[in-house]
Amino acid sequence: MSEALVEIDRVSKRFGDYTAVTETSFSIGQGEFLAIMGSSGCGKTTMLRMLAGLEEPSAGEIRLEGRSQKGLPPWGRDLPLVWQSLALFPFLSVLDNVGFGLKMRGVAKPERDRRSLAWLQKLELGEFASRNVMQLSGGQRQRVALARALVTEPKVLLLDEPLSALDAHLSVRMQALLRSLQRELGITFVYVTHSQTEAFSMADRVVIMSRGKVEQIGSPQAIYRHPANRFVAEFIGNVTILRGSVAEVGEQSVRLNTANGGMSVSRGNFAGSHGAQADFYVNADQIAIGDEPRHENHVRARFLSHKFIGNMVTLFLEVPGIDDDLKVILPERTYDCLGLQPGDSVVASWPAAAAHFFGGAA
Amino acid sequence: MSSNTSRRRWPLLLPPLLWQLTFFLLPLLFLFVISFWSVVNFRLEPDMTLKNWDFMLSRSSFWSAYSHTWALALGAAVVTTCCSFPAACSLAFTVSERTRKLALMFLVVPFFTSYLVRVYSWQAFLSDNGIVNALLGLFGLDGLPMLNSDFGSLVGYVTLALPLVTLVQTMGFAQIDRNLIEAAHNLRAGPVRTLFEVIIPLAKPSLVVGALFAFILAFGDFVAPTYLGGGAPPTLSNLIIDTTKSGQQWPRAAVVAIMMILTLVLTSLAAVRLAYGRRK
């Protein structure tokens, strides 16, 4: 990440008694693709609206290129937003929709039309310029909204769940388009979404929010491998959380007593002492399944069900003494070779390096 | 299935259909028919003559009344639309839902009193020795002639149409997608530009329909031009009264009435076209 373009400094937002965002701070780099992810009501859209100036923070400050945005009305900012509802003007043609921002900046009509048309052509919409926006398909309207926001050449583009109304196929194509556009233009994208697929496939960094607070900021890989806390782990859903009491703190690993016997967990920067209760998690794609244990940590489990995701399979196993199912992710071919039937008894095993304490892996 | 249900439902449509047929379409047809009748010795006689049409339409007094009525109704539409606009805007955008409902309820209150009574009470304000001129006198200003003028008529028309037009406009503004307003702000349109570039185009149907209501109400109104406008120069409604009073000329009055209806039908069609007209 290069220098910070946008700084969010201890920003809070209250609506009456309801606090949407609580003392949140993070910064967004020049040319970065940042996704803000969380379930509905987590404050991600409020965050975006504060960036656009549509809401004023109750406390704290937002800075763009070092300048405080406090008190600046939305029309005094240069942070175009792509709306979830797209918010295209129904009474204007496609071309005039795209040119709206230029018109407000006093760009003369010939120049305005030339630049708008260039953007429409870039997004393969040139032939629709004189149509009404209502005559376009969902995907086409999406691109009109994108062109309208980008035609003014902003430094930062804000996107509020822009793909949520599209079907899966179209969404994947739009993700590729967004990512390549962002690379090509070199501008900063701030992308709000509830979809893990969208966030992880496009973003350089992901901010995970819940109840108005940031739970974790990091690259998709870092969040996937090392969730910072129980909330993130459950939200991403690719690990199983276990609990035990510390028996021995070694150089590389920590030995814990769990309901399923002794287990080794990577030490990281674990600071607990002997006898302390500690939560740890096991990455689902680092667990081996078989008749015999293949790694030092192992449990006997009963196979419950499975779910295909692409060419990977997620297995759900029932383990005595654990409330949640043990999740295991295997390549489809490996799963086929196992020939498992629901109810089958298997041994799940993993190395100490696949298990970590929350916040422990720096 | 849909044709089946519609067949089962059509008896429900019978009462309004009968009502319209008996009390609107048939009288209208009768109006059209008697415009071809004659008056002999102050009595209507069935006939098939074009002389009533010829008499009225060749007369400059008819056409001056026609243009005067048109101008007044257009003025009423413009003035009422402009007066309603700020009120409707703030009711739709700035006040709470509760206040808006309350305000809309109050907009109905003027209809509790007869329009005639409200127009009469304006006389107390507008007459040469009325309240407005008395107030002007307090500031050492000369009194203005307001009663028995086009201004007086306009005051009456606005009294008649303002609550309805404000209601129509408020409903129209309230339906505007707030996202579009925010999108305009986001694309650097300040409040004034957003008003002209986004809110007015979006509210156009309600603005036009509101203005059309004001136009229709003013065009056919007899009370305001008579009691506040003084009846001179006459409007078409004054002309109808004069024609029927002078020599029982019902057929000629029918000609005027048909011309009025025709005008309103054409104006309404044009207005609807303007409001909902083809978008590119």
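Before you click anything, one cut-off: a residue counts as buried under 20% relative accessible area, as exposed over 50%, and as partly exposed in between. Keep in mind too that this is a predicted model.

**Stop 1: a charged pair in chain A**

Select Glu65(A). With 36% relative accessibility, Glu65(A) lands in the partly exposed class. Now add Arg67(A), whose side chain meets that of Glu65(A) in a salt bridge, 3.7 Å from N to O. Arg67(A) is partly exposed as well, with a relative accessible area of 49%.

**Stop 2: chain A as a whole**

Zoom out and show chain A as a cartoon. You should be able to pick out 9 helices and 20 strands. The C-alpha atoms fill a box of roughly 75 × 45 × 35 Å along the principal axes. Colour chain A by accessibility and 51% of its 362 residues come up as buried. If you like contact maps, take the contacts in chain A between residues at least 6 apart in sequence: 66% of them join residues at least 24 apart.

**Stop 3: helix α5 of chain A**

Select residues 168–185 of chain A, which make up helix α5. This helix has 18 residues and runs 26 Å from first C-alpha to last, close to the 26 Å expected at 1.5 Å a residue.

Which residues of α5(A) are buried? Show Ser171(A), Met174(A), Gln175(A), Leu178(A), Arg179(A), Leu181(A) and Gln182(A) as sticks, and you have them. Look down the axis: they sit on the same side of α5(A), because the arc they cover is only 165 degrees. The spacing fits a general rule: an α-helix has 3.6 residues a turn, so residues three or four places apart point the same way.

Turn to the other side of α5(A) and you meet the exposed residues His169(A), Val172(A), Arg173(A), Arg183(A) and Glu184(A).

What covers the buried residues of α5(A)? Switch on the neighbours: the cover includes strands β3 (33–37), β7 (156–160) and β8 (188–193), along with helices α3 (109–122), α4 (138–150) and α6 (196–202), of chain A. Before you leave, click Gly186(A), which follows α5(A) and has a positive phi, near 65 degrees.

**Stop 4: from α2 to α3 in chain A**

Next, select Asp96(A) and Lys109(A), whose side chains form a salt bridge at 3.8 Å, N to O. This pair ties together distant parts of the chain: Asp96(A) belongs to helix α2 (residues 94–104) and Lys109(A) to helix α3, 13 residues apart. Asp96(A) is partly exposed at 28% relative accessibility, and Lys109(A) is partly exposed with a relative accessible area of 40%.

**Stop 5: a loop in chain A**

Go to Gly250(A), in the loop between β11 (239–249) and β12 (253–258). Gly250(A) is partly exposed, at 22% relative accessibility. Try the distance tool on Ile236(A): 14 residues separate it from Gly250(A) in sequence, and 30 Å in space, C-alpha to C-alpha.

**Stop 6: where chain B meets chain A**

Show both chains and select the contacts between them. You get 19 residues of chain B against 28 residues of chain A. The buried area comes to about 2,200 Å², with 62% of that from carbon and sulfur atoms.

How many salt bridges cross the interface of chain B and chain A? The rule finds 2. For an example, pick Glu197(B) and Lys103(A), whose closest N and O atoms are 3.0 Å apart. Between the chains there are also 7 residue pairs in polar contact, counted with both residues at pLDDT 80 or more. On the chain B side, the elements giving two or more residues are α8 (178–186) and α9 (191–220), and the largest share, 7 residues, comes from α8(B).

Stay on Glu197(B) and add Arg193(B): their side chains form a salt bridge at 3.4 Å, N to O. Both lie in helix α9 of chain B, 4 residues apart, about one turn of the helix. Arg193(B) is partly exposed at 34% relative accessibility, whereas Glu197(B) counts as buried at 19%.

**Stop 7: inside chain B**

Finish at Thr263(B), in helix α12 (residues 250–276) of chain B. Buried or exposed, at 7% relative accessibility? Thr263(B) is buried. Its side chain makes a polar contact with that of Tyr66(B), at 2.6 Å. Leaving out residues up to four places away in sequence, Thr263(B) touches Tyr66(B), Trp70(B) and Phe219(B).

Terms used:
Residues are numbered from 1 along each chain as its sequence is written. Chains are lettered from A and ligands numbered from 1 in the order in which they are written. This is a predicted model: local features need pLDDT of at least 70, side-chain atom pairs count only at pLDDT 80 or more; totals for chains, interfaces and linings use all residues. Side-chain values use heavy atoms; hydrogens and water are left out. The expected span of a helix is 1.5 Å times one less than its number of residues. Buried means under 20% relative accessible area, exposed over 50%, partly exposed in between (1.4 Å probe, protein chains only). The arc is that of the directions from the helix axis to the C-beta atoms. Contact means heavy atoms within 4.5 Å. Buried area is the accessible area (1.4 Å probe) that two parts lose on being put together, summed over both. A salt bridge is a side-chain nitrogen of Lys or Arg within 4 Å of a carboxyl oxygen of Asp or Glu. A polar contact is a pair of N or O atoms within 3.5 Å; within protein, one must be able to donate a hydrogen and the other to accept it, and residues adjacent in sequence count only if both atoms are side-chain atoms.
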